[in-house]
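Opening the notebook on a new model today. I want the overall build first, then a few local spots.

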Amino acid sequence: MKDSNFLKEHNARQIWHPMAHPADSIANPPDIIVGGEGVHITDVDGNTVLDAVGGLWNVNLGFSCQPVKDAITAQLDRLPYYSIFRGTSNDAVIELGEVLHDFFAEDGLTRAFYTSGGSDSVEIALRLARQYHKTRGEAGRVKYLSLKKGYHGTHTLGASVNGNSNFRTQYEPLMPGCFHIPAPYTYRNPFNETDPEKLAQLCLAALEDEIAFQGAETIAAFIMEPILGAGGVIPPHESFMPGVREICDRHGILLVADEVITAFGRSGDWSGSRHWGVKPDMMTTAKAITNGYFPFGAVMISDKVAEVFENDTTGKASIGSGYTYSGHPVGAAAALACIAETKRLNVKDNAAARGTQIFDGLNRLKEKYDIVGDVRGGHGLMAAMELVSDPETKKPIDKKTIAALHRATYEAGVMVRVSGPNVILSPSLILSEAEANTILDALDSGLGSVA
Ligand SMILES: Cc1ncc(COP(=O)(O)O)c(C=O)c1O
């Protein structure tokens, strides 16, 4: 490995970072991570900190999950690549298909379409939604509905259903036919409604209104995260997703659950849809499917959708979508080992317990510090604090202060993620009770240093 000075000096000279300004990356060199073990990471200067980001919501089993590493190595030795485009397959994807079928059977999802990540999964699901309607003779159903504040990756179709201008404005014009409804976000919403249940009803009414305005016969799918993640961890009221399901059913609109973050235990249940008692028509997954060790994803498909494709005799259901790395055998081998370990450790229960512990701790910090405007979480191991410079006006915190908090928290031993005015926590699901307290203590120091 090159020495620390070389790495720091060269980092942003030749590479551009996703979700960063190139000039800012030069002016403020990032933390360069060179090692990981358990739930800890080590930077190039030798500092070891607890990673409360869990990689990027994906390293659910920590950084030293030996079964996944072994599976990757063994698959690389045996068959490092073979495509599953028409005419060929490989044994690992077939085995994984069985495992995913069983894992998601309770969600009513029985077929898998493989991808190489979350944005790919979203793209495939939205494309399949249109194809589903065309195949069954409703070719006019081409539009998509989604939530403001939602995050669905950065492919152009995904960005078009994204609900955050940061990922849209500089890339416009995006896809026509994509429309957004207000998110069930109690801290800030156009209805000025703070009661979660009432707000859920208002957002559902807005959905009904948009469907009436667009014409149900023009809408292919509604896509939503069961708990909004990157938009600042927004868990809706328990009535919201079931309400969306009912409205979609009534209007013949497919419901796509974007579970790139929530699938495989993070919500405290094996899927976010199951957490709310909803069966989606399709579910996008990626991230934790391989513990983040290999870029891989899967769109899970319900019988209802599958039957239309599989029974088609017109040829319309021939799938004209897919990636060179759809069904990569190394990714499939990693996923097989990862899902086995995920089930063996029953990480969903720990996610629920540690999630409650962290949510309670963050609420205590809110009592202590005025700059904590809102705390969100309580549904598994995903939580956020929204910081404000004035709790009365809810003026968002400035960039300099939140950057200083991030640094102080890191120096206190914990890596957190800062996104706009939010501090986001999404640690590995194997986090211990003591490690959860370490996160809370470090945040206490971080907040104390800027308050
Ligand atoms: C809900 C959701 N959908 C899609 C994506 C995009 O996934 P990827 O970054 O793997 O393309 C993400 C990434 O964070 C996500 O959180």
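These are my entries, going from the whole chain down to single residues.

**Entry 1, whole chain.** I noted first that this is a predicted model. I tallied the secondary structure of the protein chain and got 15 helices and 16 strands. The radius of gyration came out at 22 Å, close to the 22 Å that the globule rule gives for 451 residues, so the chain is as compact as a globular protein of that length. Along the principal axes, the C-alpha atoms fill a box of roughly 65 × 60 × 40 Å. I also checked burial: 54% of the 451 residues count as buried. Then I looked at contacts between residues at least 6 apart in sequence, and 72% of them join residues at least 24 apart.

**Entry 2, helix α6.** I pulled up residues 118-135, which make up this 18-residue helix. From first C-alpha to last, α6 reaches 25 Å, close to the 26 Å expected at 1.5 Å a residue. Is α6 mostly covered or mostly open? Mostly covered, since I find 15 of its 18 residues buried. After α6 comes glycine 137, with a positive phi near 90°.

**Entry 3, helix α12.** I ran the same checks on residues 329-344, a helix of 16 residues. The reach of α12 from first C-alpha to last is 22 Å, close to the expected 22 Å. Burial in α12 covers 13 of its 16 residues, so I logged this helix as mostly covered too. What follows α12, and what is its phi? I found asparagine 346 there, its phi positive and near 45°.

**Entry 4, glutamine 75.** I located this residue in helix α4, residues 66-78. Why do I call glutamine 75 buried? Its relative accessible area is 4%, and the cut-off for buried is under 20%. Leaving out residues up to four places away in sequence, glutamine 75 touches Pro80, Ala92, Pro329, Val330 and Ala333. Pro329 and Val330, along with Ala333, fall within the 329-344 range of α12, so I cross-referenced Entry 3.

**Entry 5, second largest pocket.** I got a volume of about 680 Å³ for this one. Its lining has 26 residues, and Ile84, Ala112, Phe113, Tyr114 and Ile319 lie nearest the centre. Which elements supply at least two lining residues each? I have α5 (91-103), β4 (109-115) and α11 (303-310) on that list. Sorting the lining by type gave me 13 nonpolar, nine polar and four charged residues.

Definitions and conventions
Residues numbered from 1 in each chain as written. Predicted model: local features only at pLDDT ≥ 70, side-chain atom pairs only at ≥ 80, totals over all residues. Heavy atoms only, no water. Expected span 1.5 Å × (residues − 1). Buried < 20%, exposed > 50% of the residue type's maximum accessible area, 1.4 Å probe, protein only. 1 Å grid on protein atoms, 1.4 Å probe; cavity = no way out; pocket = protein on both sides within 12 Å on 5 of 7 lines; lining within 4 Å. Points joined across faces, edges and corners; volume = space filled by probe spheres on them. Nonpolar A, V, L, I, M, F, W, Y, C, P; charged D, E, K, R; others polar. Rg over C-alpha atoms; globule rule 2.2 N^0.38 Å. Contact = heavy atoms within 4.5 Å.
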